[in-house]
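Visitor: Could you pick a single part of this model and take me through it closely? I would like to follow how its pieces fit together.

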Amino acid sequence: MPLDVVVKDGVMLVSGRLVGRELVRVRDAGKALLDQSDQGIIVDLSQTEPVIDIAGIQMLAAFSRSARIRGKQFRLIGLNKTQIDALKLAGFESLTDSNSV
C-alpha cells in the first residue's frame, strides 16, 4: 500500500508503509505541522502497515526531538505491536510511552 498522509486539526494520519523512500511526504507534513501547531503534533499510525524500518523510526524520533526543542508535545497513537517492538529494539522506547496497542 502506498504511503498517504492527511493532516487535520493538529493530527497527522499516516497510512501505508512507513519505510525508506516513502517517508518524504511524512517528513514534509511533520515539518509543516510543527511550524503551524501551537501545542505540538499527534501522529496517528493506526492505518499503517505493521512494518517500520530504521528510517521511519529515525524520522519519528527527529519529530519528537524537534517538538521538544520547540517546547511542544509529540505523541504517537495507533502503534501496533510490531512497531512498538521495533521502536524499543532501536532504543526509542520513550516514543511508545503514551501509546495503546
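Guide: Happy to! Two strands count as paired here if DSSP finds at least two bridges between them. Please keep in mind that this is a predicted model. Let's look at the sheet, and then at what packs around it.

Start with strand S1 (residues 4–8) and strand S2 (residues 11–18), which are joined in the antiparallel sense by 5 bridges. Within this pair, Val5 sits opposite Val14 of S2. The two strands make a hairpin with 2 residues between them, and Asp9 in that turn has a positive phi of about 55 degrees.

Now step back to the whole sheet. It is open and has 4 strands, ordered S1-S2-S3-S4, with mixed pairing. S1 and strand S4 (73–77) are the edge strands, each pairing on one side only. From one strand to the next, the twist averages 20 degrees.

At the S4 edge, the partner is strand S3 (residues 40–52), which runs parallel to S4 and is joined to it by 5 bridges. One residue pair to look for there is Ile41, whose bridge partner in S4 is Phe74. Helix H2 (residues 54–69) packs on the sheet, where it touches S2, S3 and S4; the direction of H2 makes about 170 degrees with that of S3. Helix H1 (residues 24–36) lies across S1, S2 and S3, and runs at about 170 degrees to S2.

That leaves helix H3 (81–89). Where it starts, a side-chain oxygen of Asn80 comes to within 3.0 Å of the backbone nitrogen of Thr82. Which residues of H3 are buried? They are Gln83, Ile84, Ala86 and Leu87. These four lie on the same side of H3, because they cover an arc of only 160 degrees around the axis. The general background is helpful here: an α-helix has 3.6 residues a turn, so residues three or four places apart point the same way. The buried residues of H3 pack against S3, H2 and S4, which ties this helix to the part of the sheet we have just visited. On the other side of H3, Lys81 and Leu89 are exposed.

Our last stop is Gly91, in the segment after H3. Its phi is positive, near 90 degrees. Is Gly91 buried or exposed? It counts as exposed, because its relative accessibility is 58% and the cut-off for exposed is over 50%. As a link back to the sheet, the C-alpha atoms of Gly91 and Ile41 are separated by 21 Å, with the two residues 50 apart along the chain.

Note on methods. Residues are numbered from 1 along each chain as its sequence is written. This is a predicted model: local features need pLDDT of at least 70, side-chain atom pairs count only at pLDDT 80 or more; totals for chains, interfaces and linings use all residues. Side-chain values use heavy atoms; hydrogens and water are left out. Axes are lines fitted to C-alpha atoms, for helices over the stretch in contact, and angles run from 0 to 180 degrees between N-to-C directions. Contact means heavy atoms within 4.5 Å. Buried means under 20% relative accessible area, exposed over 50%, partly exposed in between (1.4 Å probe, protein chains only). The arc is that of the directions from the helix axis to the C-beta atoms. A polar contact is a pair of N or O atoms within 3.5 Å; within protein, one must be able to donate a hydrogen and the other to accept it, and residues adjacent in sequence count only if both atoms are side-chain atoms.
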